[in-house]
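Visitor: I'd like to learn how to read a model like this one. Could you walk me through it, feature by feature?

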Amino acid sequence: MRTPVILAAGAVAWMATRERNPMRWPALLRNDAQGLVRDVREAVVDGARAGVRAETAFDNDLAEARSRARSW
């Protein structure tokens, strides 16, 4: 039971150092959450694009290696 109380007290202390007015905490948390969601979306899109580029580069390298390979 002590752990949740300690975590809640830590969260309140952390929020109080960021914003002294508790009425503004919900907006502050919402803005932080929206920023995190934007960052995650950007990372997922960037990762997908990087995967496509890597797959294309691999396919190009493989095609080049096959064209240079000797055929008996």
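Visitor: How many helices and how many strands are there in the chain?

Guide: This is a predicted model, and its chain has two helices and zero strands. Helix α1 covers residues 2-18, and helix α2 covers residues 25-68.

Visitor: What radius of gyration does the chain have, next to a compact globule of 72 residues?

Guide: The globule would come out near 11 Å, but the chain has 25 Å. You get another view from the box that the C-alpha atoms fill, roughly 75 × 30 × 15 Å along the principal axes.

Visitor: And what share of the residues is buried?

Guide: Just look at the count: buried residues make up 4% of the 72 in the chain. Take Thr 3 as a sample from helix α1. Thr 3 is exposed, at a relative accessible area of 53%, because over 50% counts as exposed. Gly 47, which sits in helix α2, is partly exposed at 43%.

Visitor: Can we put some distances on those two? How far apart in space are Thr 3 and Arg 41?

Guide: C-alpha to C-alpha, Thr 3 and Arg 41 are 33 Å apart, with their positions 38 residues apart in sequence. For Gly 47, try Asn 31 as a partner: the two are 16 residues apart along the chain, and their C-alpha atoms are separated by 24 Å.

Visitor: Now the helix pair. What describes two packed helices?

Guide: In general, you give the angle between the two axes and the distance between them. Here the axes of α1 and α2 come within 11 Å and cross at roughly 95 degrees. The two helices are therefore roughly perpendicular to each other, because angles of 65 to 115 degrees fall in that class.

Visitor: Which residues make the contact between α1 and α2?

Guide: On the α1 side you have Val 12, Trp 14, Met 15, Ala 16 and Arg 18. From α2 come Trp 25, Leu 28, Leu 29 and Asp 32. Sorted by class, this contact has seven nonpolar residues, two charged ones and no polar ones.

Visitor: On to charges, then. What can side chains of opposite charge do when their charged atoms come close?

Guide: The general idea is that they can pair. In this model the count comes to three salt bridges, using a cut-off of 4 Å between nitrogen and oxygen.

Visitor: Which residue forms a salt bridge with Asp 32?

Guide: That's Arg 18, with the closest N and O atoms 2.6 Å apart. Asp 32 belongs to helix α2 and Arg 18 to helix α1, so this pair ties together parts that are 14 residues apart in sequence. Both partners are also in the helix contact we just listed. As for accessibility, Asp 32 is partly exposed at 28%, and Arg 18 is partly exposed at 36%.

Visitor: What about Arg 68: which residue does its salt bridge involve?

Guide: Glu 64, and the closest N and O atoms are 3.5 Å apart. This one stays inside helix α2: Arg 68 and Glu 64 are four residues apart, which means a separation of about one helical turn. Arg 68 counts as exposed at 63% relative accessibility, whereas Glu 64 is partly exposed at 42%.

Visitor: And where does Arg 24 find its salt-bridge partner?

Guide: At Glu 19; the side chains of Arg 24 and Glu 19 meet at 3.4 Å, N to O.

Note on methods: Residues numbered from 1 in each chain as written. Predicted model: local features only at pLDDT ≥ 70, side-chain atom pairs only at ≥ 80, totals over all residues. Heavy atoms only, no water. Axes fitted to C-alpha atoms, helices over the stretch in contact; angles between N-to-C directions. Parallel < 35°, antiparallel > 145°, perpendicular 65-115°, else oblique. Contact = heavy atoms within 4.5 Å. Nonpolar A, V, L, I, M, F, W, Y, C, P; charged D, E, K, R; others polar. Buried < 20%, exposed > 50% of the residue type's maximum accessible area, 1.4 Å probe, protein only. Rg over C-alpha atoms; globule rule 2.2 N^0.38 Å.
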